[in-house]
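Opening the notebook on this one. I'll jot down what I looked up, term by term.

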Amino acid sequence: MTCIEFQDVLADMVDGETDAQHEAHLKSCSSCSELLADLRAIASGAKLLCADSEPSPRVWANIQRTLEAEGIIRPAAQPGAALFPRTRHWSPAWLISGAAVVLLAIGAFLYTSHYGLNQQLAETQVTAPAGTDASGATPDDVELLSHVSPAARATYADNLQTVNAFIRDAEDNVAQNPHDDEARHYLMQAYQERAMVYASAMDRSMP
Amino acid sequence: MTGARKRQGDKLSEAEAIERAKHGDAEAFEVLYDLHKRRVYSLCLRMTANAAEAEDLTQEAFMQLFRKIATFRGESAFSTWLHRMAVNVVLMQLRKKGLPVVPLEDDIETEEETPKKDFGTQDLTLEGSIDRLRLQNAIGKLPPGYRTIFVLHDVQGYEHNEIADLVGCSIGNSKSQLHKARMKLRELLRTSRAEKAIKP
């Protein structure tokens, strides 16, 4: 076997076995022997690089923040924690699911109308707070809070104030950017959050 | 990183973490991330040769995984699923940048990318002198097409038929380009070694 002939089978030999003919050439040719040894050393050295580096903590922080924003993971509830992360990645599926949650929450709210809330008022104000007082509370908010236990009232008032501010920001954003899909998604999310606060408060106030 | 490490210490298995993650358990996601972050990041880093870009791609790969985790049924190994997803994320990025993902076929080699067909020289043998850092640097200098095949096969352990499927080339092309990549690496490592020997 010549070096040229050996070159033709070299690629397969790096990862495979050598036969008697190849072995004979390798014993007689130090150049080919060293070449094969080098290529095998490169291949085996590469395996050590499979998992040798670690990403910075920034990567997990970003993943966690994004997944929370998308509602895929939810950290343990923390009183006073921000309800609405600012980093969002939207998809059509979210728009549909958000709308569904809003409708369900509105339905639940109307179903429990034994609190005497005006149906029409409830529908419009759950989705769009209007006529807020100095604290940002709507008449419906005030009515709702009157049925919540005193112990939880401050928390719900705080959450409603936050969500109403969020809705106002989102509405302003949509008004300024009426064709911006993300702005509309953002507003939809705001309505959804408000509906969720209402649904939660209604649950808590059930006898 | 608190809960996740604690749970790993308590031997929370990957299967348990997957099931919990399907229900939105934040700590389970963190466990899965911790289990696989090094391999995914290393893959991205080797294929892009750029740390910042590798971090972005690592993030994107895990994001895609976590968005779809509820659909994971366990027909294939979770790690296989994740790493294939990571490879696809990186390949997509390379394509976006206009870099060659599919290596050149044998008959359209360029002078720059074709390893010299030497047969070794006694005074520059690499055996015993390939350290991790030098090899990393040399891989980073490979043309992107060679690098992709080399990283997938020699670093990540994919077979040629899998590589052909992933990057859209023939099995023969994958084998051929791997050999050329190794030859090019040898040349780069020998050059690096020679330069180091010259410097005082």
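First a term: pLDDT is the predictor's confidence in each residue, on a scale from 0 to 100. I also need elements: helices (H or I, at least four residues) and strands (E, at least two) are DSSP runs, numbered from the N terminus.

The model is predicted, so local features need pLDDT of at least 70 and side-chain atom pairs count only at pLDDT 80 or more, while totals for chains, interfaces and linings use all residues. Residues are numbered from 1 along each chain as its sequence is written, and chains are lettered from A and ligands numbered from 1 in the order in which they are written.

**Confidence.** I checked chain B and got an average pLDDT of 81, with 78% of the residues scoring at least 70. Among its elements, helix H4 (residues 51–68) of chain B has the highest mean, 94, and helix H1 (residues 3–9) of chain B the lowest, 47. Residues 1–8 of chain B have pLDDT below 50, and this stretch has eleven contacts beyond near neighbours in sequence (contact: C-beta atoms, placed from the backbone, within 7 Å). For the complex, the predictor gives an ipTM of 0.79 and a pTM of 0.60.

**Chain A fold.** I find nine helices and zero strands in chain A. Of its contacts with a separation of 6 or more, 58% are between residues 24 or more positions apart.

**Interface.** How many residues does each chain put into the contact? I get 38 residues from chain A and 38 residues from chain B. On chain A's side, helix H1 (3–15), helix H3 (30–47) and helix H4 (57–69) of chain A each supply at least two residues. The largest share there, 14 residues, comes from H3(A).

Key: Contact = placed C-beta atoms within 7 Å.
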